[in-house]
Every structure is written in structure tokens, then in C-alpha cells.
Amino acid sequence: MLGAFGMAALRRRLHGRSVLAAGIGLVALANLESLRAPFQAMVFDGARIDAFYYCPHHPEAVVEAYRQSCDCRKPQSGLFTRAASDLDLALETSFVVGDRWHDLEAGQRVGARGVLVRTGYGKTEEASPKSHVTPSAIVGNVIEAVSWILRAS
Ligand SMILES: [Zn+2]
């Protein structure tokens, strides 16, 4: 089964702030479309998801067309720079919320502040800090991340 490794869902204009939420992990490409509605349903308070981005590549992908090193597979930041270009976002005033250090590292590369959530892989990641990745905050879940972002900016 072909997988998409990492998906960046972009949630924009949270009271004027841009939030890049990194999540999902490995899913079949065929299932990506079916994830849009549940993601949209999680958005609240009038915020919206402007776009979804994902990387279908892997250096050892079974399907040759996707077997490559690319700039969009985290910790590379290609998905974020593409979103910034498409949606006119200022990454240096944006936030990346994710449960993996490579999510935050991708954000760090483009000057965004990173928030690690303890859901998903987050607790495990928190127990194994990376010296080259500095989170701006570590919080319990996405709701707490939103609260932190509202206080921090
Ligand atoms: Zn890629």
C-alpha cells in the first residue's frame, strides 16, 4: 500500500495567527480525501482549514514514482514553504503544532514557533528530546496548543 508520510493541515487566521498543524502520519493516498471532512469538523470558533498538503515520497517507496528524496518530507520544510507561497503566510509569525520532533524541526527551519503536543507520539518524543530542536511549548493536546498560541502572540 502506498503511503503518504506526514500531512500538514493548514489552519489559518486564528484571530490573525497562522497555525500549521502537522499530523496524520502514514495513510494510504487513496484515503487522504476522506480525511478532509473529519479535519474540518474539528475546527471550531470560526477558524477554517485553508488547504491540506502532504508528501507522498519516501526514499524506499515501493512505487518507483514516489521513491525519491524530496524537500517536502519532514524534517524538510517544503510543505510549509509551499503553503506560505500559496496562501501568503508569514512563516516567522506562524506556529507549527505537531507530535513529532521532525514536525517542529521543519517549522524551526522556516522560523515558525513549534508546539509539541503530548497526544499521538508526543509523550514518547518528549522523553527523547533532540538537542537541535527547541520547542516553544509542550502541551497536552491541540486545544491546549491553541490556548498557548493565543496567549503567546
Ligand atoms: Zn515529498
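# Reasoning from Values to Terms

Arg113 is found in strand E5. The model discussed here is predicted.

Me: What makes Arg113 count as buried?
Reply: A residue is buried if 20 or more other C-beta atoms lie within 10 Å of its own. Arg113 has 22 C-beta neighbours inside 10 Å, and therefore counts as buried.

Me: Which residues does Arg113 touch, leaving aside residues up to four places away in sequence?
Reply: Arg113 touches Phe95 and Ser136. Phe95 is also the bridge partner of Arg113. In addition, Arg113 and Glu92 are 21 residues apart in sequence, with 7.6 Å between their C-alpha atoms.

Me: Why is Asp88 called exposed?
Reply: The term exposed applies to a residue with 12 or fewer other C-beta atoms within 10 Å. Asp88 has 9 such atoms, so it is exposed. Asp88 lies in the loop between H2 and E4, and its phi is positive, about 55°, although Asp88 is not a glycine.

Me: How do you know that E4 and E5 pair, and in which sense do they do so?
Reply: Two strands pair if at least two bridges are found between them. Strand E4 and strand E5 (residues 113–117) have 4 bridges, and the sense is parallel. From E4 the chain crosses through H3 to E5, and this β-α-β crossover is right-handed.

Me: What makes strand E4 mostly covered?
Reply: Strand E4 covers residues 94–98, and 5 of its 5 residues are buried. In a regular strand the side chains alternate between the two faces of the sheet. In E4 both faces are covered: Ser94, Val96 and Gly98 are buried on one side, and Phe95 and Val97 are buried on the other.

Me: What makes helix H3 mostly covered?
Reply: In helix H3 (residues 101–109), 7 of the 9 residues are buried. Among them are Trp101, Leu104 and Ala106, together with Asp103 and Glu105. Just after H3, Gly111 takes a positive phi of about 85°.

Me: Which residues have the most contacts inside the largest nonpolar core?
Reply: This core has 23 residues, and those with the most contacts inside it are Phe80, Phe95, Val96, Val97, Val115, Val117 and Ala145. The elements that give two or more residues to the core are H2, E4, H3, E5 and helix H5 (142–152). The largest share, 4 residues, comes from H2. In soluble globular proteins, nonpolar side chains tend to be buried together.

Me: Where is the cis peptide bond that involves Pro75?
Reply: The cis peptide bond joins Lys74 and Pro75, and its omega is about 20°. Pro75 is found in the loop between strand E3 (48–54) and helix H2 (78–87).

Me: What pattern does the protein chain follow along the sequence?
Reply: The pattern is β-β-α-β-α-β-α-β-α-β-α, and the chain has 5 helices and 6 strands. Of its 153 residues, 33% count as buried. Among contacts between residues at least 6 apart in sequence, 55% join residues at least 24 apart.

Me: How confident is the predictor, and where does pLDDT stay under 50?
Reply: The scale of pLDDT runs from 0 to 100. The mean for the protein chain is 78, and 69% of its residues reach 70 or more. Over residues 1–15, pLDDT stays under 50, and the model has 63 contacts beyond four places in sequence for these residues.

Terms used:
Residues are numbered from 1 along each chain as its sequence is written. This is a predicted model: local features need pLDDT of at least 70, side-chain atom pairs count only at pLDDT 80 or more; totals for chains, interfaces and linings use all residues. Two residues are in contact if their C-beta atoms, placed from the backbone, lie within 7 Å. A crossover is right-handed if, with the strands pointing away from the viewer, the path from the first strand over the helix to the second runs clockwise. A nonpolar core is a set of buried Ala, Val, Leu, Ile, Met, Phe, Trp, Tyr and Cys residues joined through C-beta atoms within 7 Å.
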